Amino acid sequence: MASGARAVGALAALMVAAPLGAVAWSAGGLRLSPADLAALRFTLTQAVLSALVSILLAVPVARALARRRFPGRGVLITLMGAPFLLPVIVAVLGLVAVFGRAGWLNGALALAGLPRMDVYGLQGVVLAHVFLNLPLATRMILQGWQAIPAERFRLAESLSFGPAQMARYLERPMLAEVVPGALATVFAVCLTSFAVALVLGGGPGATTLELAIYQAVRFEFDLSHAAGLALVQTALGGAAALAAWRMARAAGFGAGLQMAPALRGPVGWRRGADTLAITLAAGFLLLPLGALLIRGVPGLFQLPDMVWLAAARSIAVALLSTAVTITAALILALAVARGGPRWLDLAAALPLATSGLVLGTGLFLIVQPVMAPTRLALPVTILVNALLALPFVFRLLLPEARALEAGYGRLAGSLGLSGAARLRLLTLPRLARPIGFAAGLAAALSMGDLGVIALFAAEQGATLPLVVQRLMGAYRTDAAAGASLLLVGLSFALFWAFDAGGRRAAA
């Protein structure tokens, strides 16, 4: 196991380092043109605005969820915990259905005689990023409220603290600890977003670095220029990921007795404010999905044949990349849990420092002198998707692997249980539940990814997210909505199948 884990860790590090090395080698210096500087400014501007708006909206929503109890609260919080399962291209299409030129909102504004809203450009990119990251930010901040021991709230009530004193002595210190990490995390996610900028951005004034890299490879075929931009993007992404990691920490309220939460919501206008925050957040999240459902059902009956072929490719890519990710993450997690070298932990986290498009650019540079990159579109997509999911899957499996080793490691060693027998009789049965959940997450992430495939795929080798983007670009909105609905259904079906399989195996 130790030698195998070292080999897997070294291979994972090499699969990140080799593309980045190719990018650095091919970069024609870091001289940025005015258009490149504009893309850099737009990238930073939209990421800062998206992060700030997401956090500013998430704080009142998280506070309302923390201190109110109502029917459906658990379902809504579950929705807040699954932002990564929704394919980005589908979320964008849902937003266009509500906020686009022919969307519901502009229809209502036209009836009221008010000017229409433009969903494209900076405001559209920020809107989409807030839609995608508000659930994540809310869930992170809600965990901060839930981490305050119930005894602190009971003590505050015994001292007759009102809402102002509760906020001053309990809530604001918690927010000071939690918000910077949440802000940095959302900023890092928005910094490397590609599909949002591809559909809602574009043009000289609304181009991100990721989109500029894509344009340099696909349309200009200026690989040196693309490599230089990729270096800048890697530096920004690495700095943002490091900041998110350093800032994410729990509030220092100490431990409690694990009692039920004792936070009681104040009455009066604050009850109305909490109700309004929850209602607006739920509407903002659910309306685009409802619009997509309404528009997508008729579109299911007019899907071109290429959609079904692309769906089959996406399923194959998702299954193969999930198998690679789960195998690598399980080997690394078990080795780290058994006291393996610390660099294995770092190897699993390395993909967080880059993005799929940057890795794809590096692999394009490596492959292009040898053969046509389109011939390796699906294998490269599988590899990159597996790498990008590795940090998340590893972090999901590591605590469970440590608990398994602490509870059963010495017993298994005394019985001479090792190798395949230990894996079959102990590891897989005990870790079936987290493995199933992690596999479902990895499959859904891979199913909805629109990144490296956009660089490599030819006309006949597209996956389903790329076909959706092409249908939208051709203004075939009904077919795009139907294909998007199919993509959502397949993504959630894969997640459910793996998760349910893991729970059944653990029963």
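## Helices α15 and α16

Let's start with two helices that pack against each other: α15 (residues 356-367) and α16 (residues 377-414), whose axes are 10 Å apart and make an angle of about 140 degrees. That angle makes α15 oblique to α16, since only angles over 145 degrees count as roughly antiparallel. The crossing of α15 and α16 is right-handed. Keep in mind as you look around that this is a predicted model.

Which residues do the touching here? From α15 come Gly356, Leu359 and Leu363, and they meet Val380, Leu383, Val384, Leu387 and Leu388 of α16. Sorted by class, the contact of α15 with α16 has seven nonpolar residues, one polar residue and no charged ones. The polar one is Gly356, because Gly counts as polar in this sorting.

## Asn385, also in α16

Stay on helix α16 for a moment and find Asn385, which lies in it. Is Asn385 buried or exposed? Its relative accessibility is 6%, so Asn385 counts as buried; the cut-off for buried is under 20%.

Who are its contacts? Leaving out residues up to four places away in sequence, Asn385 touches Val317, Ser321, Thr325, Ser446 and Asp449.

## Helices α20 and α21

Now for another packed pair. Helix α20 (residues 464-473) and helix α21 (residues 477-506) have axes 9 Å apart, at an angle of about 160 degrees. That makes α20 roughly antiparallel to α21, because the angle is over 145 degrees. The crossing of α20 and α21 is left-handed.

On the α20 side, the contact uses Leu464, Pro465, Val468, Leu471 and Met472. On the α21 side, it uses Ala479, Ala480, Ala483, Ser484, Leu486, Leu487 and Leu490. By class, the contact of α20 with α21 comes out at eleven nonpolar residues, one polar and no charged. Here the polar one is Ser484, because Ser is not on the nonpolar or charged lists.

## Aromatic rings

Next, look for rings: the structure holds five aromatic pairs. One to find is Phe131 with Phe284. Their ring centres are 5.8 Å apart and their planes sit at 85 degrees, so this pair is edge-to-face; the cut-off for that label is over 60 degrees.

These two come from distant parts of the chain, 153 residues apart. Phe131 belongs to helix α6 (residues 122-147), while Phe284 belongs to helix α12 (residues 269-299). Both Phe131 and Phe284 are buried. Add Phe99 to Phe131 and Phe284 and you have one aromatic cluster.

## Leu86, a loop residue

Where is Leu86? You'll find Leu86 in the loop between α3 (73-80) and α4 (88-99). Leu86 is buried, with a relative accessible area of 13%.

Not counting residues up to four places away in sequence, Leu86 touches Ala91, Phe131, Leu289 and Val488. So Phe131 turns up again, this time as a contact of Leu86, because the two have heavy atoms within 4.5 Å. Leu86 and Leu132 make a nice comparison of sequence with space: they are 46 residues apart along the sequence, and their C-alpha atoms are 8.4 Å apart.

## Helix α10

Last stop: helix α10 (residues 209-218). How many of its ten residues are buried? Eight of the ten are, so α10 is largely enclosed by the rest of the structure. The buried residues of α10 are Leu209, Glu210, Leu211, Ala212, Ile213, Tyr214, Ala216 and Val217.

Methods: Residues are numbered from 1 along each chain as its sequence is written. This is a predicted model: local features need pLDDT of at least 70, side-chain atom pairs count only at pLDDT 80 or more; totals for chains, interfaces and linings use all residues. Side-chain values use heavy atoms; hydrogens and water are left out. Rings of Phe, Tyr and Trp (its six-membered ring) pair if their centres lie within 6.5 Å; planes under 30 degrees apart count as stacked, over 60 as edge-to-face and the rest as tilted. Helices (H or I, at least four residues) and strands (E, at least two) are DSSP runs, numbered from the N terminus. Buried means under 20% relative accessible area, exposed over 50%, partly exposed in between (1.4 Å probe, protein chains only). Axes are lines fitted to C-alpha atoms, for helices over the stretch in contact, and angles run from 0 to 180 degrees between N-to-C directions. Angles under 35 degrees count as roughly parallel, over 145 as roughly antiparallel, 65 to 115 as roughly perpendicular and the rest as oblique. A crossing is left-handed if the near helix is turned anticlockwise from the far one by less than a right angle, and right-handed if clockwise.
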